[in-house]
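Colleague: I should be grateful for a close look at one part of this structure, with its surroundings described afterwards.

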Amino acid sequence: MCKNRNIKTGIKRLDFVSHRGKMMVYLTDGRQILVPLSFFPDIKLLSVKDRTDWIILDEQFFTFARLSKVFSIEEVIEFISNLVIKEYEEKLIEIPNEIID
């Protein structure tokens, strides 16, 4: 696998036990990202036992023994970026009209 030079952190480990229906991604820089499994339908379809058999590749990719698809840290970061944009857009919508006028 080839590392993305724009990504300065890596994946340290994954956890599916602490938060039901979610994947906690522990990064090498100490940050943690909690992602709903609905963002990764292929992972959601895995059994709870199969989710524990994850493999990290070059710190920037991950897969599972029972899954042929490889996921990237970029996909996890994309989820966070989309979430931030959505929250920002929702806050823009909540601004009362008298403030805008």
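Which residue in β5 does Trp54 stand opposite?

Modeller: The model is a predicted one. In it, Trp54 stands opposite Phe64 of β5. Strand β4, residues 54–57, is joined to β5, residues 61–64, by four bridges, and the two run antiparallel. Both belong to an open sheet of three strands, ordered β4-β5-β6 and paired in the antiparallel sense. Within this sheet, β4 and β6 (67–72) lie at the edges; each has a single partner strand, so one side of each is left without a neighbour in the sheet. From one strand to the next, the twist averages 25 degrees.

A further open sheet of three strands has the order β1-β2-β3, again with antiparallel pairing. Here β1 (11–15) and β3 (32–36) occupy the edges, and each has a single partner strand, so one side of each is without a neighbour in the sheet. Neighbouring strands in this sheet are turned by 20 degrees against each other on average, direction ignored. Strand β2, residues 22–27, pairs with β3 in the antiparallel sense over five bridges, and Met23 stands opposite Val35 in β3.

The surroundings also include the largest pocket, which holds about 150 Å³ of space. Its lining consists of Phe16, Val17, Arg20, Gly21, Leu37, Lys44, Val48, Arg51 and Thr52. By class, these lining residues divide into four nonpolar, two polar and three charged.

How values were computed: Residues numbered from 1 in each chain as written. Predicted model: local features only at pLDDT ≥ 70, side-chain atom pairs only at ≥ 80, totals over all residues. Heavy atoms only, no water. 1 Å grid on protein atoms, 1.4 Å probe; cavity = no way out; pocket = protein on both sides within 12 Å on 5 of 7 lines; lining within 4 Å. Points joined across faces, edges and corners; volume = space filled by probe spheres on them. Nonpolar A, V, L, I, M, F, W, Y, C, P; charged D, E, K, R; others polar. Pairing = 2+ DSSP bridges. Axes fitted to C-alpha atoms, helices over the stretch in contact; angles between N-to-C directions.
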